[in-house]
Amino acid sequence: MNENFDRAPGAGRTRNLPADPGLMGTTEDGDTKTTLFNQREPLRQPRTSPPFSENNISTDIGGGDFKRQSKPQQSTNANSASDSRRSNEVDSMVKSSKLSASAPEFVPSGSNTYEDPAFYDDSESCYTEPTLAEMVTDFLGHLSSSPGSFESDVEQIAGMLNSWVTTEELLHELVELIYTQSTAIPNFSYTGARLCNFLSHHLAISPRSGNFRQLLLKRCQTEYEQRDVAVRGDPETQKKFHSFVLFLGELYLNLEVKSVKGPPNRADILLDALQELMKSLFSNPVDANLICAVKLLKLTGSVLDDAWKGSGKPHMEDLIHRIETILLDATCSRDVRQMLLKLVELRSSDWGRVRAAAAASNATPDNDPNYFMNEPTFYTEDGTPFTAADPEYAEKYQEIMDRQDYFHDIYGENGNEEYDDSEDEWEPEMEEAFENFCLESERKRQQ
């Protein structure tokens, strides 16, 4: 066996390449001598001729001469023909191609291209200046696919928008782009509302027509005025309107208006708008409108309820009454009816909020709903249950005690010897120790 045997796959294989002056040798007679360029290819099969390691192999068999010669010229011709065909194919593709070297760079949506400063470098001939619409669509797609990066990216986005949006026309375009994307991209209304709040405080441009927040509210006003028509429109119109309603709910929860004194406030104008939008939805109680109303109330119900109660307005009670009327009269589907019932139940439980329980030392039946939680349950003669929370608890309990003569039954009529507690009197030391124990326990409980 050859001492230089290589166990790598394909080891020892050689390939005959086209003739090249650097690979040709000459004999003393001036004839050209073909030499081979031996190259190892451990993982790739030869493309043309079978492998061979020597030009001539001679073997004596049975006294005769058996000779096998390689044919490098045939292999060279085959390779040349294959290369020529591929060249013709490439030329044909180039001639028929519609691609241009001066075309703008393709950027996949959702990528962090706005973080690459070279993307905006006019000095680089391979880059083109993107439009505002392209850049806004790009970073909104990024926020949509990576909402968790909002806090780390929003300041950079606002900084770039301050450098891009320098005219009133561009500000109007920016507002329209963000509004459209926030109502069109599924589940983006929350992130879109947060972005609107941040830009309303950090976007510097403020033309005569209004700043970012004012123009955004004007855009919402345009859609709001079409509410009565939209709730009775075709399914596509209703779907678009419902997206606007939910976005406005998120905007009310996230948009902050700075006050001269004290913390920021919510935009009260949106509070009244949401009430009117729900009235419009309930005015045409089809399933799609009712589902939208349920989603909006689950989203904003507790905040709206607190705001209306604080101003002494019974708007939430009116809405719940309207829902109860719809449950009785409307021909909504069973699933939607169940959703409405769950919504009424949710509101009756204070929107699922759990109030902090009163301290044990200050607990009373009035301020702690769990005051009587561990009290036993008793039953009257006719089987009616009552507990210590019952207003007539004392009277009913005394009736039971009088009627059953409780202690007499235990110690008299049960056949056992009556218990004489005179035999169990405490010694003075025991009584004093017990009193000290009770005082110490009471003091620790009050701390």
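**Rings, charges and contacts**

Reader: Which residues do ring pairs link into a cluster?
Author: Ring pairs join four aromatic residues into one cluster (Phe, Tyr and Trp rings, the latter by its six-membered ring, pair with centres within 6.5 Å; planes under 30 degrees apart are stacked, over 60 edge-to-face, the rest tilted). The cluster consists of Tyr-179, Phe-241, Phe-244 and Phe-247.

Reader: What kind of model is this, and how are its residues numbered?
Author: The model is predicted: local features need pLDDT of at least 70, side-chain atom pairs count only at pLDDT 80 or more, and totals for chains, interfaces and linings use all residues. Side-chain values use heavy atoms, without hydrogens or water, and residues are numbered along each chain, as its sequence is written, from 1.

Reader: How many helices and strands are in the chain?
Author: Secondary structure comes as DSSP runs, numbered from the N terminus (helices are H or I, at least four residues; strands are E, at least two). For this chain, the count is 15 helices and 8 strands.

Reader: How many aromatic pairs does the whole structure hold, and what is the geometry of Tyr-179 with Phe-244?
Author: The search of the whole structure gives 3 aromatic pairs. Tyr-179 and Phe-244 make a tilted pair, with 6.5 Å centre to centre and an angle between the planes of 55°.

Reader: Where do Tyr-179 and Phe-244 sit, and how far apart in residues?
Author: This pair links distant parts of the chain. Tyr-179 lies in helix H4 (residues 168-184) and Phe-244 in helix H8 (residues 235-254). Their separation is 65 residues.

Reader: Why do Tyr-179 and Phe-244 count as buried?
Author: Buried means under 20% relative accessible area, exposed over 50%, partly exposed in between (1.4 Å probe, protein chains only). Tyr-179 counts as buried because its relative accessibility is 4%. Phe-244 counts as buried because its value is 0%.

Reader: What is the geometry of the pair of Tyr-179 and Phe-247?
Author: Tyr-179 also pairs with Phe-247, edge-to-face. The centres are 6.1 Å apart, and the angle between the planes is 75°.

Reader: How many residues apart are Tyr-179 and Phe-247?
Author: This pair too connects distant parts of the chain, with Tyr-179 in helix H4 and Phe-247 in helix H8. Tyr-179 and Phe-247 are both buried. Along the chain, their separation is 68 residues.

Reader: Over which rings do the charged ends of Arg-227 and Arg-266 sit?
Author: A charge sits over a ring if NZ of Lys or CZ of Arg is within 6 Å of the ring centre and within 35 degrees of the ring normal. Arg-266 has its charged end 5.8 Å from the ring centre of Tyr-252. Arg-227 has its charged end 4.2 Å from the ring centre of Tyr-224. The rings are those of Tyr-252 and Tyr-224.

Reader: Is Ser-283 buried, partly exposed or exposed?
Author: Ser-283 belongs to helix H9 (residues 268-283). Its relative accessibility is 33%, so Ser-283 counts as partly exposed.

Reader: Which residues does Ser-283 contact beyond its neighbours within four places in sequence?
Author: Contact means heavy atoms within 4.5 Å. Arg-322 lies 39 residues from Ser-283 along the chain, with 9.6 Å between the C-alpha atoms. Outside the four-place window, Ser-283 contacts Val-231, Arg-232 and Arg-322.

Reader: Which residues does Asn-284 contact, again leaving aside neighbours within four places?
Author: Asn-284 lies in the loop between H9 and H10. Its relative accessibility is 19%, so Asn-284 counts as buried. Its contacts are Val-231, Arg-232, Gln-238 and Asn-289.

Reader: Is Asn-187 buried or exposed?
Author: Asn-187 is in the loop between H4 and helix H5 (189-202). Its phi is positive, about 60°, although Asn-187 is not a glycine. Relative accessibility is 78%, so Asn-187 counts as exposed.

Reader: Is Trp-351 buried or exposed?
Author: Trp-351 is in the loop between helix H12 (334-348) and strand E7 (378-379). Its phi is near 60°, a positive value in a residue other than glycine. With a relative accessible area of 10%, Trp-351 is buried.

Reader: What share of contacts with a separation of 6 or more joins residues 24 or more positions apart?
Author: The chain has 447 residues, of which 30% count as buried. Among its contacts with a separation of 6 or more, residues 24 or more positions apart account for 60%.
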